[in-house]
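Me: I would like to go through this model by question and answer. Please keep the replies brisk.

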Amino acid sequence: MPKRPESSRATVDPAAAELLSVAEAEGIPTVFSRASGMAPCPIGEVGQCCKNCHMGPCRLVKPGQRGVCGATLETVAARNLARAIAAGAAAHSDHGLDMAFTLQAVAKGEAPGYEVRDPHKLRNVARLMDIPVDGRSINDLALDVAERAIEDFRQMRGELTYVRRAPAKRQEIWRKLGISPRSVTREIVETLHRTHIGTDQDAEHILRHALRTALSDGWGGSMLATDLSDILFGTPSPSVAQINLGVLREDEVNIVIHGHEPTLSEMIVAAAQEPELIEYARSKGAAGINLCGICCTANEILMRQGVAVAGNFLSQELALLTGAVEAMVVDVQCIMQALGDLSARFHTKLITTSPKAHITGATRVEFDEHRAPEIARQIVRMAVDNFPRRNGHVRIPQITNDLVPGFSHEYINYMLGGSFRGSFRPLNDAVIAGRIRGAAGVVGCNNPRTPHDEAHLYLVREFIKNDVLVVMTGCGALANAKVGMLLGEAMEYAGPGLREVCEATGMPPVLHMGSCVDNSRILTVLTQMVTEGGLGEDISDLPVVGFAPEWMSEKALSIGTYFVASGVHTIFGLTSPVGASQEVTRLIVEGWGSLVGGGLEFESDPEQMLAKGLAHIDAKRAMLNLSPYNPSRFGQSGDWRMAGLMNLPPEEGAKALYGKPG
Ligand code: XCC
Ligand code: SF4
């Protein structure tokens, strides 16, 4: 059973804690109070409940008990997990599909305000898709890329285009197991069919299709969402930005954008900078227009535009509690319905923008990519008009921190290799030499069933201390940003070997790679590490491990499962949604482990998560015949050398350290 947080330990974020005591004092319900007022349903929590037909719902709580149709606990738990994965894959992929439609409209000249901002990436993506590039106009190429992407969502036979981006050995494994995904739609539809009453009744067989469905997300919907967003809005590179509730301004019009899609938010970023609208804000008594984000819409505009972030998932209500938010503009996913009632207590306008997502009581300004700048201006104007309606006391916690986001896989390649030729060689060499013990992806949500941010901070701090390089996305990255761990200065917490590499290459020890769909960037990095050589032939050979310590969403389950299917052992926090079935637990840990080289584990104790992660990394090092990790080999003895290297530009530092240019 998970430990339920005491009210004083609901969060480790001081800004969140400050507003949480305001909420408590004023009797305003929040996700934290609702969570402590309602324990999770003990039957559903561990996978014992089936509501797939109306002979039930059935709860299989006694040993050997069957559902009305005769379904076993194994079948029920496996079906529930498969359905959750399909829902998560659908969310990411539907977002990706909308990016494809936007690119298509741009290519046809039907989306004023948008353009291809990264033609270089467009050409690279076209090459990956086998689309002829030479001598073609940008829009011509963009149309082909958009249409190829749309095919990947709907084609009924064949294979996803990006399957070929995986290491050759991985592709073979998928084909041999029959889990190479055909298209996003086909795999999700098949999951829903298989899990309907009376179809697939073998837990192992159901779960195998869950792998295929998750792969259609990772190497399909999400990877396309990332690539198409980079083409449209630019491939991220590092910049400096601010985070936490202190980014809200007492004297300015505050617009918070929340959800997942970059399409409209990019336009709002532009509109908020228009002199005419700033002048309009001044005419209403405001000093200016202040834009910031929450969740992954925040991550999208943070990565590309350096726009400030108010907080992560569990801060969304707290932002409204400041009384300083003129408009909260939401699109899709992770938007709590509680925002409706909560915004009504303040002057805040809650504006829903997606044709797919309405919230009762909210104002609707429907997004249409064919007239985006106009809609963005309308929204900014609504926020400005709302500024004089601020009623009462504004209470903004004066807490912020700096962060450096923007580590796309393209940038990591460039950063490691130096300015002449991008390369993963320095990274692989550092892993081989044992300076870097391995890598951990720490990603995913917040969940009020565990202290807000605590497990994210603990794992990341401990991993870098143990010379494990950390890559992050989503709300976990934002948690670490809040305490300054997404800065070069985080190096001071790193172990001696990792610190040497960071100092030599200019790479921080914790890299923010983007939003939830950008977990696909991690797949690309892992593939490039394999291709670079010296660390085995497949992703499953690498000394890497995945974590989602505070997960809550179905998307997290899809992400975890596509990492597993790609060969990365992955450990989730909290409780297991299949915990009631020993057999299903065995199937997703050992079963998937032997099938695809990675298992999906649930471990509620962060210290155990860390220990298991380090043990996994060390086991992979041993299988690669790499020297055992030994922190005493680096650092002290190398200090005299590092002292000389520190003032060198990155590529020369790498050259001096590794004996060859990057
Ligand atoms: Fe949502 Fe992406 Fe989870 Fe955060 S991390 S709570 S899914 S916003 Ni992806
Ligand atoms: Fe019960 Fe079977 Fe219907 Fe599920 S499918 S609700 S186990 S009868």
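Reply: What follows is a set of questions and answers on a predicted model.

Me: Are α4 and α5 parallel, perpendicular or oblique to each other?
Reply: The axes of helix α4 (residues 119-128) and helix α5 (residues 138-154) come within 10 Å. They cross at roughly 45°. Angles under 35 degrees count as roughly parallel, and 65 to 115 as roughly perpendicular. The crossing falls in neither range, so α4 and α5 are oblique.

Me: Is the crossing of α4 and α5 left-handed or right-handed?
Reply: The angle of roughly 45° is given for the axes of these two helices. The crossing of α4 and α5 is left-handed.

Me: How many nonpolar, polar and charged residues make the contact of α4 with α5?
Reply: From α4 come Pro119, Leu122, Arg123, Val125 and Ala126. From α5 come Ile138, Leu141, Ala142 and Val145. Arg counts as charged. By class, the contact has eight nonpolar, no polar and one charged residues.

Me: Is Asp130, in the loop between α4 and α5, buried or exposed?
Reply: Asp130 has a positive phi of about 65°, although it is not a glycine. Exposed means over 50% relative accessible area. The value for Asp130 is 61%, so Asp130 is exposed.

Me: Is Leu574 buried or exposed?
Reply: Leu574 is found in the loop between β15 (570-572) and α22 (582-596). Its phi is positive too, about 60°, and Leu574 is not a glycine. Buried means under 20% relative accessible area. Leu574 has 11%, so Leu574 is buried.

Me: How many nonpolar, polar and charged residues form the shell around ligand 2?
Reply: Ligand 2 is surrounded by Cys50, Asn52, Cys53, Met55, Gly56, Cys58, Gly67, Val68, Cys69, Ala71, Arg79 and Ile197. Cys counts as nonpolar, Gly as polar and Arg as charged. The shell has eight nonpolar, three polar and one charged residues.

Me: What is the omega of the cis peptide bond that joins Gly56 and Pro57?
Reply: Gly56 is one of the residues around ligand 2. Pro57 sits in the loop between β1 (49-50) and β2 (58-59). The bond joining Gly56 to Pro57 is cis, with omega about -5°.

Me: How many of the ten residues of α9 are buried?
Reply: Helix α9 spans residues 262-271 and is mostly covered. The buried residues include Pro262, Leu264, Glu266, Ile268 and Ala271. The count of buried residues in α9 is nine.

Technical notes
Residues are numbered from 1 along each chain as its sequence is written. Chains are lettered from A and ligands numbered from 1 in the order in which they are written. This is a predicted model: local features need pLDDT of at least 70, side-chain atom pairs count only at pLDDT 80 or more; totals for chains, interfaces and linings use all residues. Side-chain values use heavy atoms; hydrogens and water are left out. Axes are lines fitted to C-alpha atoms, for helices over the stretch in contact, and angles run from 0 to 180 degrees between N-to-C directions. Helices (H or I, at least four residues) and strands (E, at least two) are DSSP runs, numbered from the N terminus. Angles under 35 degrees count as roughly parallel, over 145 as roughly antiparallel, 65 to 115 as roughly perpendicular and the rest as oblique. A crossing is left-handed if the near helix is turned anticlockwise from the far one by less than a right angle, and right-handed if clockwise. Contact means heavy atoms within 4.5 Å. A residue is near a molecule or strand if one of its heavy atoms lies within 4 Å of it. Buried means under 20% relative accessible area, exposed over 50%, partly exposed in between (1.4 Å probe, protein chains only).
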